[in-house]
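Dear colleague,

I am passing on to you the structure we spoke about, together with its sequence, so that you can have both open while you read. My notes on it come after the model.

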Amino acid sequence: MLTTSTTIESERERAPRLRRPAAMRGPRIPPHPATILALAAAAVATAALPAPASAQQGGLTGRVWSDDGVPVAGAVATLFPAADTTRATFAETDRLGYFVFRDIAPGPYILTLGRLGFGEHRDPVTVTAGAAAEIEITLARQAVQIEGLRVDAQRSRVRARFEETAGVTVQEIERAELKSIPGIAESDPLRAIEVLPGVTTVSDFSAAFNVRGGSADQNLILLDDIPIYNPFHLGNLFSVFNADMVARAELQAGGFPAEYGGRVSSVLTVESDAGDGVMSVDAGISILASRAAVDGSLPGAVENALGLANSRWRVSGRRSYFDVLLSPFTEFPYHLNDLQTVFEGWTRGGNRIRLTGYTGRDVLDLTGVEDFPLGLKWEWGNDAAGGSWTNPMRGGGSMSVRAAWSRFASDFRFADFDANFATRVQRATVEAMIERRPTSRLRWKSGLIGNRRDYDNLASAGGAIFDDDEGSGDELAAYSQIHWDAGGDWLLESGLRLDHWRPDAGEVSSTLSPRFALKRFVRDRGSAIRLSAGRYTQFIHSLRDEEFPFGLDVWVLAGDQAPRVQSDQIQLGVESFHGEDDAWFASLEGYYRTFDGVIAQNAAENPNDPLDDLVSGDGMAWGADLFIRRDLGETTGWLAVSFLKTDRTFPETRVGTDPHPLITYPPVFDRRVDVDLVLRRAIDWWGGIEMGVRANFGTGLPYTRALGSYNYHNGRLVEGRLNRGSENAVVLGPRNGERYPARHRLDLSLRKTIEKGWGTMTPYLSVINVYNQKNVLFYFFDYDSSPPTRSGVSMIPILPTIGLEVSF
């Protein structure tokens with residue numbers, strides 16, 4: 001059996017460099033049915049689990065250090081019997097240099113460790129029955145590649161996650177895959193998420209996404225564990241994440257453990273690439289913007305003064321250029337810019353310090369444009385900063401402390417009317433976490449989190465204030481979770497999270513959220529069946545209308561105006577590896593979710609009542625996701641097929657009865673079937689080109705059909721007669737009772753990497769909607785014509801874009 005620990009990989013090797021000749025050995029561092037079902041399943045499964053593996057087996061654990069005291073991630077550990085070197089077992093070190101071998105027969109073994117850029121380590125070890133030996137190993141820096149260290153000996157992250165996690169539904173896109181997926185203007189992590197199972201989007205014009213029946217504001221989007229509230233440029237057209245700074249993007253679509261809270265639908269983690277410590281530059285230019293990323297390390301004297309054994313940093317800047325390019329000829333009123341940085345340092349004691357910062361702005365300024373009738377200026381953007389300290393502990397555990405701050409703000413002004421529409425939301429977070437491994441089979445993780453959130457929404461014109469809504473709240477959360485490899489064919493994960501929410505106005509609430517997952521391996525751990533269930537809670541809402549393709553989020557906290565969202569979820573699936581060297585992976589998973597406390601605008605609000613702007617309802621979603629992926633061979637890629645049925649139920653406030661009747665309808669993101677095919681292949685044109693293909697098919701989204709119109713009459717009680725008005729009223733059909741036609745699209749990208757003496761140059765071509773399919777965005781109905789007519793607005797037509805990337 002092969003055993004691995006998950007490790008972070010990016011497009012290139014990220015080993016710290018060695019500059020000091022002196023070796024230093026790494027130190028030895030001392031209610032609802034879904035919930036009921038989860039708890040019942042946990043009790044039954046725990047009782048039914050087999051006893052741990054026989055005491056006749058043993059184990060081996062260890063941590064790998066560089067000779068300047070930094071844990072080595074991504075090193076390959078190979079263990080084989082001293083009497084038979086053909087029977088090898090592999091493991092891979094995690095981000096803190098830890099590896100583990102389980103269920104090893106007692107006896108003498110040879111252990112080898114190696115990583116590109118380091119010398120090979122080879123040691124005889126003895127495995128004792130009923131015990132897990134613990135060792136520490138130091139690797140010396142070496143520029144020559146190790147003989148026999150093969151990439152195909154390393155387990156893929158997918159395989160490692162398959163063996164190490166029980167319930168989470170997670171998919172990952174690394175930088176190389178991200179850049180091969182055709183995109184609008186340039187590579188975009190959020191646009192790439194669209195091609196994963198369970199993910200739907202409302203239109204081509206928005207990078208906002210929905211996961212398994214949840215609204216877009218129910219996705220937790222993290223940049224190095226810092227939440228980003230509105231991660232979009234250009235009115236949601238593409239994201240704020242610069243692909244040159246992204247090591248990987250990981251989407252957890254369901255079953256995420258108790259350490260994650262604050263959102264109920266999914267968790268998207270975008271991890272920054274801190275570089276390798278060697279000075280280098282990655283730059284690019286597209287039809288939209290130019291960008292550059294520089295990485296390096298601190299000078300040796302600065303590292304010594306700070307007590308660091310090693311350091312690495314990376315800084316990226318991006319700006320659109322049309323306003324500058326066209327300035328000699330005309331005024332171009334829009335520009336965007338963003339700046340992102342990440343720093344990682346390791347102390348001589350093996351502790352890691354990581355810092356992340358981001359700031360970005362979009363500016364639309366029409367005040368200086370000649371002959372434009374409106375003096376409009378709109379500025380919006382995100383700011384975020386965070387840091388963490390991680391202490392690797394003896395036995396493979398760790399302790400971390402994190403702090404983060406994030407803010408989104410938008411300011412929309414009409415100078416001619418003295419009108420201002422502004423919104424702001426921010427969060428400050430402090431978190432402490434400890435993870436221990438009492439045995440090689442048991443992991444335990446607990447944490448405390450404190451959050452402070454506040455928001456401010458303003459609407460004013462002509463000196464009058466129409467809306468001045470602000471609020472704040474404090475959240476204290478505690479969680480604990482365990483992971484138990486029961487031996488043989490069972491994995492068990494269980495957790496509990498307590499969220500205590502205290503808004504400045506409204507009811508104080510506490511929510512207990514159990515999480516549970518169970519996995520049963522079959523086919524000698526080549527396949528598995530898994531079950532997970534849990535409760536998830538959210539204390540923030542966005543008021544943005546998802547039917548409108550453009551726009552920004554306006555946030556409101558749970559309190560006297562809006563309830564908390566509570567979602568109970570259960571999912572059951574199978575997954576399996578097939579083919580030589582696990583070339584193929586396939587999974588099929590069904591799920592059921594409830595959403596209690598979702599909100600919508602109140603169409604019959606009382607202007608004199610500040611607390612009735614919103615109505616509260618509930619929702620439901622169920623469906624299934626099929627995922628087939630190929631990671632080896634000349635052609636790689638995946639097929640994702642998703643089925644979704646979701647609805648929302650709200651009071652119908654436009655009906656003048658008390659109580660209001662309930663209306664149930666599918667939300668705008670209820671796409672019943674969505675199919676994505678993503679392929680990546682190297683072809684022999686012009687000395688070698690990498691081709692990426694994305695084909696998509698989706699059934700139509702719901703909309704409310706206009707059935708007809710009529711002139712309405714104004715009553716004149718004094719004269720006792722009706723006057724025919726000049727305005728028309730529209731008769732609407734059932735809410736979201738009709739569907740647009742099915743959509744389909746083919747996208748293509750071509751990338752050519754040219755090696756130069758000074759570095760590499762990569763021109764690329766991306767074509768969106770290759771055969772110019774006119775997919776419907778929405779309909780217009782004209783009842784003034786006779787007969788009445790219907791016309792449609794299409795999504796993005798065929799759109800070729802070119803760009804150039806350089807690295808040196």
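Below is what was found, beginning with how far the model can be trusted and moving on to its sheets, its hairpins and its cores.

Please keep in mind that this is a predicted model. Its mean pLDDT is 84, and 88% of the residues in the chain reach 70 or more. Confidence is nevertheless uneven along the chain, being highest in strand β29 (residues 527-538), at a mean of 96, and lowest in helix α1 (residues 33-48), where the mean is 41. Two stretches call for particular care. Over residues 1-54 the pLDDT stays under 50, although the model has 165 contacts beyond four places in sequence for this stretch. Residues 144-155 likewise stay under 50, with 20 such contacts beyond four places in sequence. Where pLDDT is low, the predicted coordinates should not be read in detail.

As for the overall make-up, the chain has 808 residues, of which 55% are buried, and its secondary structure consists of six helices and 48 strands. The chain exposes about 34200 Å², and carbon and sulfur atoms supply 59% of that area.

Two of the sheets can be described strand by strand. In one of them, three strands form an open sheet with mixed pairing, in the order β4-β1-β7. Its edge strands are β4 (98-104) and β7 (132-139), each of which pairs on one side only, and the twist from one strand to the next averages 20°. Strand β1 (residues 58-66) runs antiparallel to β4 and is joined to it by five bridges, with T61 standing opposite V100 in β4.

The other is an open sheet of five strands, in the order β8-β15-β16-β11-β12, and its pairing is also mixed. Because β8 (169-174) and β12 (226-227) stand at the edges with a single partner strand each, one side of each is left without a neighbour in the sheet. Within this sheet, β11 and β16 run parallel and are joined by five bridges, and N219 is placed opposite S266 in β16.

Further along the chain, strands β25, β26 and β27 are linked by two hairpins, which you may like to look at together. Strand β25 (residues 442-461) pairs with strand β26 (residues 464-487) in the antiparallel sense over 20 bridges, and R452 has D474 in β26 as its bridge partner. Two residues lie between the strands of this hairpin, and G462 takes a positive phi near 60° there. Strand β26 is in turn joined to strand β27 (residues 490-503) by 14 bridges, again in an antiparallel arrangement, and here the bridge partner of Q481 is G495 in β27. The hairpin of β26 and β27 also has two residues between its strands, and in it G488 takes a positive phi near 70°.

Turning to the interior, which residues touch the most other members of the largest nonpolar core? They are F209, F241, L268 and W638, in a core of 42 residues. The elements that give two or more residues to this core are α4 (189-193), β11 (219-223), β15 (246-254), β16 (266-272), β28 (509-522) and β35 (635-651). A second, separate core has 23 residues, including L336, I540, W555 and A562. In soluble globular proteins, nonpolar side chains tend to be buried together.

To see how the larger core is put together, F241 and L190 are a useful pair to display. Leaving out residues up to four places away in sequence, F241 touches P189, L190, I221, L223, I228, P231, V246, V270 and R318. L190, which is found in helix α4, is buried, because its relative accessible area is 0%, under the 20% cut-off. Although L190 and F241 are 51 residues apart in sequence, their C-alpha atoms are 8.0 Å apart in space. Beyond its neighbours within four places in sequence, L190 is in contact with A207, F209, P231, F232, S239, F241 and L268.

One last residue to look at is T78, which lies in strand β2 (residues 76-81). Is T78 buried or exposed? It is buried, since its relative accessible area is 12%, and the cut-off for being buried is under 20%. Apart from residues up to four places away in sequence, T78 touches A88, T89, F90, F101, I110, L111 and T112.

With best wishes

Terms used. Residues numbered from 1 in each chain as written. Predicted model: local features only at pLDDT ≥ 70, side-chain atom pairs only at ≥ 80, totals over all residues. Heavy atoms only, no water. Core = buried A, V, L, I, M, F, W, Y, C linked by side-chain atoms within 4.5 Å. Buried < 20%, exposed > 50% of the residue type's maximum accessible area, 1.4 Å probe, protein only. Helix = DSSP H or I, 4+ residues; strand = E, 2+ residues; numbered from the N terminus. Contact = heavy atoms within 4.5 Å. pLDDT = per-residue confidence, 0-100. Pairing = 2+ DSSP bridges. Axes fitted to C-alpha atoms, helices over the stretch in contact; angles between N-to-C directions. Areas by Shrake-Rupley, 256 points an atom, 1.4 Å probe, with all protein chains shown as cover.
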